[in-house]
Amino acid sequence: LAGVTISAGDGHLTQTDPDGRYSLELPTGSYTLVVEKDGYSFDPATREVAVPPDAVDVDFTATLLVYTVSGIVVDDTGSPLIGVMISSGDVTTQTDTEGRYSLELPTGVYTLTAEKEGYWFDPATREVTVPPDAADVDFTGTLLVYTVSGTVVDDTGNPLAAVTVSAGNGYETLTNSAGWYALTLPAGTYELSAALAGYDFGQTP
């Protein structure tokens, strides 16, 4: 591990090289070596050495510190959104059945994004700094919807009112007095049907 500061006090310090190795030149005496690097804990935290003789293999093991970033993702009615991808760079997770998520991240500043097909999110991104742990990093998803509209006429070209135009799954509306209708639908493929007692409908070319 490179860039770890090794200190023996009284100004005696050095840093590890790219191979994680270090060397300190110390006068005769007893010393407590302390290791430090942001974002890491060390085992052991200190080592006691006495010179002479030279002291070799005075080693330490570093563990990367990680912190929890968590939150909940809901839709615009407050219901949890399942399967939303929460990511920060290469670190990703998905919301559970309660819309909750949790990410483990090392020390740093991160930009989180939320993604789910057919939704846009507010806010689009969240910035977090760890440590400490960051909770309540929440997002609200809104279903993207699109308008499908048209006109229903009879075989003479006259508008038909009160025709039920349906896209299935409960999406339906009635034509107005001008025969016009508009349906608001989420992303997807739909087969529209029209129904009015006494009429047989076909699609206008």
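The chain contains zero helices and 19 strands, where helices (H or I, at least four residues) and strands (E, at least two) are DSSP runs numbered from the N terminus. Its radius of gyration is 32 Å, well over the 17 Å that the globule rule gives for 205 residues, so the chain is more spread out than a compact globule; the radius is taken over C-alpha atoms, and the rule is 2.2 Å times the number of residues to the power 0.38. The C-alpha trace spans about 110 × 30 × 20 Å along its principal axes.

This is a predicted model, in which local features need pLDDT of at least 70 and side-chain atom pairs count only at pLDDT 80 or more, while totals for chains, interfaces and linings use all residues. Residues are numbered from 1 along each chain as its sequence is written, and side-chain values use heavy atoms, with hydrogens and water left out.

Of the 205 residues, 27% count as buried (under 20% relative accessible area, 1.4 Å probe, protein chains only). The largest nonpolar core (buried Ala, Val, Leu, Ile, Met, Phe, Trp, Tyr and Cys residues joined through side-chain atoms within 4.5 Å) has 18 residues, and Tyr-101 is among those with the most contacts inside it. The strands below each supply at least two residues of this core.

| Strand | Residues |
|---|---|
| Strand 7 | 66-75 |
| Strand 10 | 100-106 |
| Strand 11 | 108-115 |
| Strand 13 | 125-130 |

Apart from this core lies another, of eleven residues, among them Tyr-31, Val-35, Val-49 and Val-58.

Leaving aside neighbours within four places in sequence, Tyr-101 is in contact with residues including Val-69, Ile-86, Leu-112 and Phe-139 (heavy atoms within 4.5 Å).

Terms used: Buried < 20%, exposed > 50% of the residue type's maximum accessible area, 1.4 Å probe, protein only.
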